[in-house]
Structure formats: C-alpha cells, structure tokens
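Biologist: Please take one part of this model and go through it closely. I want the packing and what touches what.

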Amino acid sequence: MRLSLKPLKPPAAATLRRFSADPHGTPPADPSCPISETLSLLQTSDPISWPANSTLADLLSSLSPPSVLKITRQLPGSQNALQFFEYLKSSPHLSDSAPFAFQAVLELVMRENPNSPGKLYELFAMAKEQNTPLSVNAGTLLIMCFSNANMLEEMVMVLDAIDTQVRNTHVVNLVVFGLFNLGRFPAALKLVDKMLQPGASNPPNGRTLRIVFSSILGKKHRGGDLGDEEIYDLFLRFSENGLCLGGYWLTHMISRFCRNGNCDTAWNALQKAMNSGSVVEVFPCNFLLSRLGQQRDYTRMNLLMNEMKEKGITPTVVTYGIMIKNLCKIRRLDEALEVLEKMRDGEAGIEPDIVIYNTLIDGLCKVGRQEDGLRLMETMRSSETKCEPNTVTYNCLIDGFCKVGDIDMGRELFEQMSNLDEGVNIISLNAMLGGMCRVGRVSSAMELFSRMREKGLEGNTVTYTALITAFCGANNIEKAMDLFDEMKENGCTPDAIIYYTLISGFTRAGRMNDAMEIKSKMEEAGFSLDIIGYNIMIGGFCRKNKIGNASELLTEMEIAGLNPDRVTYNTLISYFCDKGDFKHAQKVMKKMVDDGLSPTVVTYGALIQGYCMKGSLSAAMRLFTDMKSTSKVPPNTVIYNILIDSHCKEDNVEGALSLMDEMRDHGVKLNTTTYNALFKGLQQRNWSKKALQLMKQMSKQECMPDYVTMEILTEWLSAAGETEKLKEFVRSYRASNLTV
DNA sequence: CACCCACCCC
C-alpha cells in the first residue's frame, strides 16, 4: 500500500480539533482522584520503568477505558502517548484500554501534524498489524482525515478495520459521504445498499438520507449516471426505513422526474412524501402541477390541488400561474379571468405578477379576444401592482393581432415597443414577420427583416422558417432555398421543422427529386422523417403518378418502425380511386381495416370522388347512402361538396339543391366551395333568382366568397343586369368588417 | 407560471 501524503485541508483540521476536545474539561490535579494520580505518575516517571511499576498497573486496572482515554490525551506529546499505548498493549490486564489510548495518540498526532495524514496511516497500519482493535472513535477520526485528504482506499480500509460490533451509522455515513464526494458512486451505493438491507447493523439515519440525495441530485456529479427509476427506488427504500425525503432535495428530485417526463414517478414520489409526514414544500407541487398541465392530466391536477389544501401547503403565485395557464389552454378564459379578479381582490392573499397578466393576455389572444387582451394591458398600466407591460406582453398581443390578420395593429404595437426597456426582441420580430408572411405580404416581411438586421437583430431558425414557408407557399422555391443557405451561413443550425417545411414546399411544387435531396440532408443532420413527413412525400409521388417511389418510401417507413396510419392509407386509396382502379383501392382499404384502422370520412370521400370522376354518380350515391345508414362516419362538407358538384355537372341542379337542404337539416356547414359549385350549376340553368337567394344566405353565414365566386357572379350577374345586387353582396362583407 | 416556426389524405 502506497502512502498518500496529501496535505490536510483547513476545514478538516477544524473538525478534528472539535472532535478531540475533551467534553468534560481537564480535571483538576487532585491526588485523591485516580485519574490525576495516574497522570502525575506517568508524567514523572520514565516510560521504560512503566512495565515494572506495580502502583501504575494497579491504578490503571481500576480505571475505565474512557478514563484511560482522558489520561492519554493529557500526556505531554504524541511520542509519549504512543509509548503509553505500547505499554498498555503489552500488559495483559490493560490491553482492553489500548484502543482508547490509541485514539488519543491519533488525536495528538493530528494536533501536532495537521497536514500529514500519512503519519496517521502509518499508525493505523501499525495497529492493524498488531491486531489492536480499532475503536469507533479512532476509526472516525481516521476516516474524516482520509476523506478530506482524498485517500479513498485508506478510508475504506479503516472502515473495514472497525469491528462490525462497534461500527456505527455515523462512521459509515462518513465513508458514504467521502465516496460520493469523490464521485465513487458504485462503491458509495453499495455501502448504502448494505445499510438499507432489512436488519442491517448500521441502518441509515437522516444524515444518510441527506448525504445520498444531495449527492445523486446535486450538480457536482450530475447524478452519477443514476436513472430516475434507480433514484426513485432508493427513495422508496429509505421510506421503508422510516426516512422519507422532504424539503429541498425532495423538490430537486421531483423537478428532475418532471423534467425527464417521468410524471408518474414524480406523482408516486410526491404522494409518498405527502403521506409520510415529510416536509413537502409548495415547490415540488408546482413542478408536478406544471408537468401535469402539459400532459393535460387535469384529474390529477385537481387531486393534487385538493391534497395541497388538506396538507396546508399554501399556493404561491406560480401555482396560480399554472392554474390560469391551463384554464387558458382549455379555452376557459372567463374562469381564468375570475382567478385574476380573486387575486386582485386580495381573496387569494397573493398579488398577481406580470407573468399572470401575460399568461392571460396570451390566452385571450389565442382564443381570438385580442381586444380584451389589449384592455388587460391597459389595466396593467393603470393598476397599482407595479406590473408595467413588458416585451412579452407586447409579443403576445402582436402575435394575437397578426394571427387574426390584423397586421396593421400588430405593426402599431411593434412600433410602440421601442418605448420599452428591452424593446423588441427576436420573438417580437418573428411574430410580426410570421403574420406578414401568412397574409402574403412577403416583401414587407423581407423589408422589415432587413431593417431589423441593420439594427443588429439577427434572425433565428424560427425567422427563417416563417420566410421559407412563405416563399414555398408562393411557389418561389429558389428563394426559399437561398434563404435556407443564408440561414446556415449565419450560423443557425437547421432544426427538424425547417426540413419539414422545405420537404413540404418542394413536394407541393411537384419537385420530388429536390424533396428527396432535402430528406437526405435532413437525415445527415441526424433527423428522420416522421409519419407526417412520409405521408407528404408518399402523396407527392402519388400525384406524380410514381407509385413505385411511393411504395419504396412506404417500405422504408415500415422498416423505420413507422406504421402506416389512416392518412397513409387514404393517400393510397385516393391514388387508386383517381385512376379509377377501384379494385386496388378496395385492396388497400381491406389492409387498412386489417391493420385495425377504420375508414374515415376521407376514405369515403376518395371513393365517392373516384366514382364521380368515372361518371358513376349512382355508385357514389350508393356509398353516400351507406355512409349515412350503416357506417359510423357521417358525411361532412367535403363529401357533400363532391356530390353537389357532380350533380351540377350532370345538370341535376335539383339534386344538388336538395343535397344542400340535407346539409342544413343535418347541421353540416356550407363553405365557399359548396356555394361555388351551386352557383356554377345555377348559372348553367340561368336560375338567377335562386342565386340571389343563395348570395344572401352566404353573406348571412359570413361565408367568404373567393375569386372563383366572384368570377362566376361577376360574369353572370352583370350580363343578367343584377349589378346592384352584386354590389350589395360585396358591401355586406365590408359591413361585417370582413375583407373580400 | 408568460411570447415566435412546420406538415399529410377527400
């Protein structure tokens, strides 16, 4: 065994001093006291004379081992103490006291040489060689000293040298702590495991619990590769020993479980802690509530909230924030606002903070109540709550207004933001650009982007995704690709989303080779297509009549472990139906059902459309009747639209109109396509009266006409001299604040 | 506890 001679760290020296202090103080030199008498005899005689001194032997045999410890401590130095120890050890009747004297020797050596654990090790090795039992206190001293000197092996050797009969939890804890502290997780856990065994001689105590969990949850060793399940298992085993984690480290553990998505584990652990009387603070509850909210597990959220109430755990503003956020998410804005009111009335005992306001403003915007959001921002300004609107407040509102197409309002708010401390950030820009792109104002978006870049605000992946989506939508694939390259040059790492965007853009443009190339690049970057991505590309190849390529992708997809879903099957069914190949369509449909996927309304739509295209409207109608009677799939707007269009094309306008009535009776919404088909049919018959009636109905239902509607009506009605009615139709949309 | 990006089938 090599001796380490690392210097002792100062804190260790302090600990040792504390440890070696005599708890009873130095006794007065009283000749009637055997301790004093022995001590003075030792101090006044030569150690060589001790073995022959019968008075000394008599005195010592009358003393208890702890008294011997006291005496040894007061000898003039470690050298002298060591001689005393040797003397005790070699005297048959006194050898039981030797381990106590040895402890004092160690204390003295430490005091004399605070920085040489090596010396201590030599003494330890000597005692071991001589088979002197190591007292638990002496062992503890050595372990503390070796632990601080990073002398791991030595530390474990000392522990092993302490007789299991006298070994206590405290000393085992010291070793466990030392091992964890130096990152020796497996060794530390092995010791802990021993302590946790039923009937263990050194069962864990509260300190063991804290050592273990601060080590595995603390930042220093990042858990030492322990998985959440292993941590939870330890937690349970400690609980079984009556030691349930609470407080700070419980919070850490729950937050870790939640962060890793192990919600059930977090739930079980928190339940255990709450029901075993541990100190459960509000913080772990907040972590779990937040996670449950993400998973939309409202049942458990409510259960937990009730439990918190029962256990007297007071919610914080964060707890309220989580509740409000989730009410917003399920679009129960009025209830969320009620919570705010309660907070403002002082009923909750907690003042709302800026996050609460921002959550609500975002929630309002996301359900289309931008104006209410704006008003709430004004409330923030006027309230005495020190909640001035910040960048996030504005970002929520900008996004809200942009999402409903009110770009101008978004822009106004965007400009107002320069008054804020933080001003606009990348999220403001992205919300604004996204809005502009969605309404097709791509050049304005590009202008704004370059203006912001001049001011030093660079775009990120999200920015480029918005722009690339817009250019793909405008079929300007080249520009989209340029932006993609620019983005990479600017140091933005493409994420999976931007690859999906490009793949979908290329596919829509019918450029399957380019789409395949992006797919390869994506895979090189470490991403892989998801089921939606495969569906997009399979659909793209089908539209190009390249069923071979589609089939290859299908195989690849299944090898990758992705099963075809309803959309995949519908894509293929639609392909065969479009070709009039109903035999293959049926085959695919059978496979779909065999896979446990029932046909959807889209499946029926594909077949019905196929029959219509083939000219067998009667076959289409038979299927349609089946849908209504035998299948559990009720026809939707698209199905009706296909049939109405087909009836009109066959000049059966009456049939089309009666289908329209049926839609109304069955509560199926009419859309622009429905009206367009009907207008075309009515135009063939020149039934302008009926058309005017439908126009009224259309505007009443706030169904927006598109360029197809306008083309038909303009041509037909101007010729029929109904220009005024047409103008009225257009005006009706202006009045309802919609733009035609 | 708050804000920004994507997509499939009729």
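Modeller: Here is one helix with two of its neighbours, followed by the DNA surface.

The model is predicted, so local features need pLDDT of at least 70 and side-chain atom pairs count only at pLDDT 80 or more, while totals for chains, interfaces and linings use all residues. Residues are numbered from 1 along each chain as its sequence is written, chains are lettered from A and ligands numbered from 1 in the order written, and side-chain values use heavy atoms, without hydrogens or water.

Start with α28, residues 496–508. Helices here are DSSP runs (H or I, at least four residues; strands are E, at least two), numbered from the N terminus. Two packed helices are described by the angle between their axes and the distance between the axes. Axes are lines fitted to C-alpha atoms, for helices over the stretch in contact, and angles run from 0 to 180 degrees between N-to-C directions.

Take α29, residues 512–524. Its axis lies 8 Å from that of α28, at an angle of about 165°. The two are therefore roughly antiparallel (over 145 degrees; under 35 is roughly parallel, 65 to 115 roughly perpendicular, the rest oblique). α28 passes α29 in a left-handed crossing (the near helix is turned anticlockwise from the far one by less than a right angle; clockwise is right-handed). On the α28 side, the contact (heavy atoms within 4.5 Å) includes Tyr-499, Tyr-500 and Phe-506. On the α29 side, Ile-518 and Met-522 are among the residues. The contact has ten nonpolar, one polar and three charged residues (Ala, Val, Leu, Ile, Met, Phe, Trp, Tyr, Cys and Pro are nonpolar; Asp, Glu, Lys and Arg charged; the others, Gly among them, polar).

Now α30, residues 531–543. Its axis is 9 Å from that of α28, at about 15°. That pair is therefore roughly parallel. The crossing is again left-handed. Ile-503, Ser-504 and Thr-507 of α28 meet Ile-536, Met-537, Gly-540 and Arg-543 of α30. This contact divides into three nonpolar, three polar and one charged.

Last, the DNA. There are 41 residues around DNA strand B (near means a heavy atom within 4 Å). Asn-358, Asn-395, Asn-430, Val-567 and Gln-609 come nearest. Sugar and phosphate make up 49% of the strand B atoms within 4 Å of the protein. A polar side-chain atom of Asn-535 lies 2.6 Å from a base oxygen of strand B. Asn-570 also has a polar side-chain atom 2.6 Å from a base oxygen there. The surface near strand B holds 16 nonpolar, 17 polar and eight charged residues.

Note on methods:
A polar contact is a pair of N or O atoms within 3.5 Å; within protein, one must be able to donate a hydrogen and the other to accept it, and residues adjacent in sequence count only if both atoms are side-chain atoms.
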